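Work through the exercises below with the sequence and the model side by side. Try each task before reading its solution.

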Amino acid sequence: MINIIKQLFENHNFQNTEEFSTSNNQVLFMRNLKKESVNFYLILFKETLDSNFLESEMPDYYNKINNINGKEYDVRIDKNLSLIIFLKHAEGTLNRNIMNEVFKIEEDPYYFKKYVCVYTENQEKEFKELLSNTSDENIGDILKNYVRQEESFLGFKKDSETENLYKLCITLFLKIPFLVLPQQDENIHDLQQQIKDELTEKELLNINNKIGEFFKAKDFNEELEKFLLEEGI
C-alpha cells in the first residue's frame, strides 16, 4: 500500500521528504510547497494500533520531523501538517475496540489534524488489480472514475458493511483531504439523492466531522459522512 499512496501523493505534486521503516510500520513524510498552498503529511502504515499510540509513538515522530536530514526546522509545518494512518487489519477482525481507538486519534486536538484509513489485505489486493487494469497513471483520476460508477455505488448501497474495493475508495476520499470528487455526470442517475434516501431510511445520527467537498454540495457532504461513519468506515 505504501507505494500506491506515495504515487497518489506524487500525482498531486507532493514530494517524499524522508522515508524510513521501524519494526512494525512504514512511514512517508510528504510535502507540497506551492505558493498558494503549503501542506505536509506524515503517513504511517500500521497493522496494529496501541491504545496509547498518541502518547507513546507520536512524540518520536514529531521529533523526527523537527530534525529531518539535520536541516533547520521549517516553521510552515506548524500550521500545515496532517497525520494519516493506514491501518491494515485481518478480515472480520474490525471491532468496536479498534474503532474506538480510531475515533480517539481522529478527535485528538493536539499537534495536527489526524485521519485513520482502515482496510484489509483483500481490499489492498483489489485496489492493486484496479490500478493494473488501466493505462491511466493518475491514481486520483482512477479513484474518481471508479467511485462514480453507478453499478458499483448501488452495490455498496445494498451492502455497505462488506469491506470491498468500493468501500476502500470511498474511505480514501474521506481520509485524504486533497482528494475531491467532482459532481457526477448526467448519465449517472441522481447519485446524491440516492444516498440521501438511504440516509433517511437508516435514520443516522448527526455526525459532525471533516469530509471535504464531496460532490461539491455542503449538505450532501455532511450526510454522506454520517452514512459512512455509522457503517463503521
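**Exercise 1. State what share of the protein chain is buried, and describe its make-up.**

Step 1. Of the 233 residues in the protein chain, 48% are buried; buried means under 20% relative accessible area, exposed means over 50%, and partly exposed lies in between (1.4 Å probe, protein chains only).

Step 2. This is a predicted model, in which local features need pLDDT of at least 70, side-chain atom pairs count only at pLDDT 80 or more, and totals for chains, interfaces and linings use all residues. Residues are numbered from 1 along each chain as its sequence is written, and side-chain values use heavy atoms, with hydrogens and water left out.

Step 3. The protein chain has 11 helices and 5 strands. Helices (H or I, at least four residues) and strands (E, at least two) are DSSP runs, numbered from the N terminus.

Step 4. Take the contacts in the protein chain between residues at least 6 apart in sequence: 65% of them join residues at least 24 apart. Contact means heavy atoms within 4.5 Å.

**Exercise 2. Find the bridges that join strand 4 to strand 3 and to strand 5.**

Step 1. Strand 3 covers residues 37–46 and runs parallel to strand 4, with 7 bridges joining the two. Two strands pair if DSSP finds at least two bridges between them.

Step 2. One such bridge sets Ile-43 against its partner Ile-84 in strand 4.

Step 3. Strand 4 and strand 5 also run parallel, joined by 8 bridges. Here Ile-85 stands opposite Val-116, and the bridge partner of Phe-86 is Cys-117.

Step 4. Now check the cover. In strand 4 (residues 81–89), 8 of the 9 residues are buried. Strand 5 has 7 of its 8 residues buried, so it is largely enclosed by the rest of the structure.

**Exercise 3. Locate the largest nonpolar core and name the residues with the most contacts inside it.**

Step 1. A nonpolar core is a set of buried Ala, Val, Leu, Ile, Met, Phe, Trp, Tyr and Cys residues joined through side-chain atoms within 4.5 Å.

Step 2. The largest one has 39 residues, and those with the most contacts inside it are Phe-9, Ile-43, Phe-86, Phe-127, Leu-172 and Ile-176. Helix 9 (residues 165–175) gives the largest share of this core, 8 residues.

Step 3. A second, separate core has 25 residues, among them Met-58, Tyr-61, Leu-83 and Ile-105.

Step 4. Return to Ile-43. Leaving out residues up to four places away in sequence, the residues that Ile-43 touches include Ile-5, Phe-9, Ile-84 and Phe-86.

**Exercise 4. Explain why the buried residues of helix 1 line one face of the helix.**

Step 1. List the buried residues of helix 1 (residues 2–11): Ile-2, Ile-4, Ile-5, Leu-8 and Phe-9.

Step 2. Looking down the axis of helix 1, these buried residues fall within an arc of 165°, so they line one face. The arc is that of the directions from the helix axis to the C-beta atoms.

Step 3. An α-helix has 3.6 residues a turn, so residues three or four places apart point the same way.

Step 4. After helix 1 comes Asn-13, with a positive phi near 70°.

**Exercise 5. Describe the surroundings of Lys-114, Glu-57 and Glu-163.**

Step 1. Lys-114 lies in strand 5 (residues 113–120) and is buried, with a relative accessible area of 4%. The side chain of Lys-114 makes a polar contact of 3.0 Å with the side chain of Asp-108. A polar contact is a pair of N or O atoms within 3.5 Å; within protein, one must be able to donate a hydrogen and the other to accept it, and residues adjacent in sequence count only if both atoms are side-chain atoms. A polar atom of the Lys-114 side chain also lies 2.4 Å from the backbone oxygen of Tyr-110.

Step 2. Glu-57 sits in the loop between helix 2 (53–56) and helix 3 (58–66). Glu-57 is buried at 14% relative accessible area, and its side chain joins that of Lys-46 in a polar contact of 3.2 Å.

Step 3. Glu-163, in the loop between helix 8 (150–158) and helix 9, counts as buried at 17% relative accessibility. The side chains of Glu-163 and His-89 form a polar contact of 2.9 Å. Glu-163 and Tyr-119 are 44 residues apart in sequence, with 7.4 Å between their C-alpha atoms.
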